[in-house]
Amino acid sequence: MNASFETLITTYINDKVGIAQDFLSVDLCHNLRDNLLSFNDGHLLLQAGVGNDGKMLHDNLIRNDKIYWLDKTHNNAFEAEFFDTMDEFVAYLNENCFTNIKSYEFHYSLYEAGSFYRSHLDQFEDDTKRQFSMMNYLNADWQTKDGGELLIHHDHHNQSIAPTQGKTVFFKSDELLHEVLPTNERRMSVTGWLKRG
């Protein structure tokens, strides 16, 4: 597992965006995807908002995905496996990069065909706890025609990343504007943030 951790960190150092193709196993991706679809069938996913606490705004012109938060109290075996992986990665990151990450939060994310998320930063203006953003994609057999790329805006170029199964993306939450381009197929991920404080 440390090889994928090192890949994520090394690629981040090289270009401010870490990418690892096998951070999550194929089986875990399948099981998390099945969880997400089951929760969606049970109408547990809710429209995602923009902002935090009392400043939460729901605006379909900015984003129109649906989310459901992972939680250790769910006692779900596959979420527990995901959390074990994240605990190992945070320990590795703190030991090797002195990041002082104390916690994390992750949610399932579902973009139906036609959905998108306009350009944004992940760190709130009045809350700097979010340090790193992570997207873990669950989309088997994703094709270029399916759209839904993560578009990251660097100073002098844009980086387009296809949301293919098993791929994990990692970057500073306050540093890079990014967006989800309109998707032509159902697009699924486990997305979240590593936090200080």
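With which residue does Asp 146 form a salt bridge, and how far apart are the closest N and O atoms? In this predicted model, the partner of Asp 146 is Lys 145, and the closest N and O atoms of the pair are 3.4 Å apart. The two residues have opposite surroundings: Asp 146 is buried because its relative accessibility is 5%, below the 20% cut-off, whereas Lys 145 is exposed, at 62% relative accessibility. Salt bridges with shared partners also join Glu 105, Arg 130 and Lys 195 into one network.

In total, the structure holds seven salt bridges. One of them connects Lys 72 with Asp 87, with 3.9 Å between the closest N and O atoms. This pair links distant parts of the chain, 15 residues apart: Lys 72 belongs to the loop between strand 3 (66–69) and helix 3, and Asp 87 belongs to helix 3. Asp 87 counts as partly exposed, with a relative accessibility of 35%. A further salt bridge is formed by the side chains of Asp 127 and Lys 129, at an N to O distance of 3.7 Å. Asp 127 is partly exposed at 23% relative accessibility, and Lys 129 is likewise classed as partly exposed, at 37%.

Glu 149 presents a case without such a partner. Glu 149 is placed in the loop between strand 6 (130–137) and strand 7 (150–153). This residue is buried but has no salt bridge, and the nearest side chain of opposite charge, that of Arg 187, is 7.6 Å away. Because a salt bridge requires a side-chain nitrogen of Lys or Arg within 4 Å of a carboxyl oxygen of Asp or Glu, the separation from Arg 187 is not scored as one. With residues up to four places away in sequence not counted, Glu 149 touches Thr 144, Ser 160, Ile 161, Ala 162, Pro 163, Glu 179, Val 180, Leu 181 and Arg 187.

Negative charge is also gathered on the surface, in a patch made up of Asp 27, Glu 81, Asp 84 and Glu 88. Helix 3 (residues 77–97) contributes three residues, the largest share of this patch. Glu 81 is located in helix 3 and is partly exposed, with a relative accessibility of 36%.

Phe 39, by contrast, is buried, with a relative accessible area of 15%. This residue is part of helix 2. Apart from neighbours within four places in sequence, Phe 39 is in contact with Leu 44, Leu 45, Tyr 68, Glu 79 and Tyr 108. Asp 84 of the negative patch is 45 residues from Phe 39 in sequence, and the C-alpha atoms of these two residues are 21 Å apart in space.

Two residues were examined for their backbone angles. Most residues other than glycine have a negative phi. His 43, however, has a positive phi, near 60°, and is found in the loop between helix 2 (26–41) and strand 2 (46–47). Asp 141 is not a glycine either, yet its phi is positive, at about 60°; Asp 141 lies in the loop between strand 6 and strand 7. His 43 is exposed, at 68% relative accessibility, and Asp 141 is exposed with a relative accessible area of 68%. The loop that holds Asp 141 is also the place of Glu 149, which is buried.

Definitions and conventions. Residues are numbered from 1 along each chain as its sequence is written. This is a predicted model: local features need pLDDT of at least 70, side-chain atom pairs count only at pLDDT 80 or more; totals for chains, interfaces and linings use all residues. Side-chain values use heavy atoms; hydrogens and water are left out. Patches are made of residues with over 30% relative accessible area and no salt bridge: like charges are joined within 9 Å, nonpolar side chains (Val, Leu, Ile, Met, Phe, Trp, Tyr) within 5 Å. Accessible areas come from the Shrake-Rupley method with a 1.4 Å probe; for residues, only the protein chains shown count as cover. Lys and Arg count as positive and Asp and Glu as negative; His and the chain ends are not counted. The place of a charge is taken as NZ of Lys, CZ of Arg, CG of Asp or CD of Glu. Helices (H or I, at least four residues) and strands (E, at least two) are DSSP runs, numbered from the N terminus. Buried means under 20% relative accessible area, exposed over 50%, partly exposed in between (1.4 Å probe, protein chains only). Contact means heavy atoms within 4.5 Å.
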